[in-house]
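Me: Can you take a look at this one with me? I'd like to go through the charged contacts and then the strands.

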Amino acid sequence: MNRSAYELPHYETPLAAGMDVRADIRESIMLGPLCRTLVPTGLFVELPAGYEMQVRPRSGLAARHGVTVLNAPGTIDADYRGEIKVVLVNLSDTAFEIKPGERIAQIVVARHERVEWEAAESLSDTARGAGGFGSTGR
């Protein structure tokens, strides 16, 4: 359900994975340098079991203004029924104005699996082994 005055999210191109979401605000929000804010979208969803919605940054806002989603990707679980809100952060040195109806993030709906943990004394060997950050040389 969407109680927003703005259009429902939609794919901008035939092969797009994400849909833009907009700020459902009446007045602009000034987001100062190195500040964060929670921006309402007016969107409420009911996802089927086995699916999640990921809230991701918009590359244009990040590249042009240094504004991004702070907890990217944010996860909306199938049992959540509240309004989707986006945590935006301004990583630039100048204030950014979030205008009513502005595209502030993108959402991707994805299938996910659930796992059952099993304790083990050891793990199988691989060529990589325990090599972590940067260990593959690329």
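Reply: What follows is a short walk through salt bridges, strand pairing and a cavity, and the model is a predicted one.

Me: How many salt bridges are there?

Reply: The count comes to 3 salt bridges. Asp20, Arg58 and Arg103 are linked in a network of them.

Me: What are the N to O distances for Asp20?

Reply: For Arg58 with Asp20, the closest N and O atoms are 3.4 Å apart. The salt bridge of Arg103 with Asp20 has an N to O distance of 2.8 Å.

Me: Where do Arg103 and Asp20 sit along the chain?

Reply: They belong to distant parts of the chain, 83 residues apart. Arg103 is in strand S9, residues 103–111, and Asp20 is in strand S1.

Me: And where are Arg58 and Asp20?

Reply: Arg58 with Asp20 also links distant parts of the chain, 38 residues apart. Arg58 is in the loop between strand S4 (51–56) and helix H1 (59–65), while Asp20 is in strand S1, which covers residues 19–22.

Me: Is Asp20 buried or exposed?

Reply: Asp20 is buried, because its relative accessibility is 16% and the cut-off for buried is under 20%. Arg58 is buried as well.

Me: Why does Arg103 count as partly exposed?

Reply: Arg103 has 30% relative accessibility, so it counts as partly exposed; that class lies between the 20% and 50% cut-offs.

Me: OK, which residues make the salt bridge with the 3.7 Å distance?

Reply: Glu46 and Arg81, with 3.7 Å between the closest N and O atoms. This pair too links distant parts of the chain, 35 residues apart. Glu46 is in the loop between strand S3 (36–43) and S4, and Arg81 is in the loop between strand S6 (74–76) and strand S7 (84–90).

Me: Are Glu46 and Arg81 buried or exposed?

Reply: Glu46 is exposed because its relative accessible area is 64%, and exposed means over 50%. Arg81 is at 44%, so it counts as partly exposed.

Me: Switching to strands. What is the order in the open sheet?

Reply: The open sheet has 3 strands in the order S3-S7-S5, with antiparallel pairing. S3 and strand S5 (67–69) are the edge strands, each pairing on one side only. From one strand to the next, the twist averages 35°.

Me: How many bridges join S3 to S7?

Reply: There are 6 bridges between S3 and S7. One bridge pair there is Pro40 with Lys85, the latter in S7.

Me: What about S9, which strands pair with it?

Reply: S1 pairs with S9 over 4 bridges, in the antiparallel sense. S4 pairs with S9 over 6 bridges, also antiparallel. Arg22 stands opposite Arg103 in S9, and Gln54 stands opposite Val108 in S9.

Me: Last topic. How many cavities of 30 Å³ or more are there?

Reply: The structure holds 2 cavities of that volume or more. The second largest cavity has about 30 Å³ of space.

Me: Which residues line the second largest cavity?

Reply: The lining is Glu7, Leu8, Pro9, His10, Glu12, Asp20, Arg22 and Arg103. By class, these residues are 2 nonpolar, 1 polar and 5 charged. Asp20 and Arg103 from the lining are also partners in the 2.8 Å salt bridge.

Technical notes:
Residues numbered from 1 in each chain as written. Predicted model: local features only at pLDDT ≥ 70, side-chain atom pairs only at ≥ 80, totals over all residues. Heavy atoms only, no water. Salt bridge = Lys/Arg side-chain N within 4 Å of Asp/Glu carboxyl O. Helix = DSSP H or I, 4+ residues; strand = E, 2+ residues; numbered from the N terminus. Buried < 20%, exposed > 50% of the residue type's maximum accessible area, 1.4 Å probe, protein only. Pairing = 2+ DSSP bridges. Axes fitted to C-alpha atoms, helices over the stretch in contact; angles between N-to-C directions. 1 Å grid on protein atoms, 1.4 Å probe; cavity = no way out; pocket = protein on both sides within 12 Å on 5 of 7 lines; lining within 4 Å. Points joined across faces, edges and corners; volume = space filled by probe spheres on them. Nonpolar A, V, L, I, M, F, W, Y, C, P; charged D, E, K, R; others polar.
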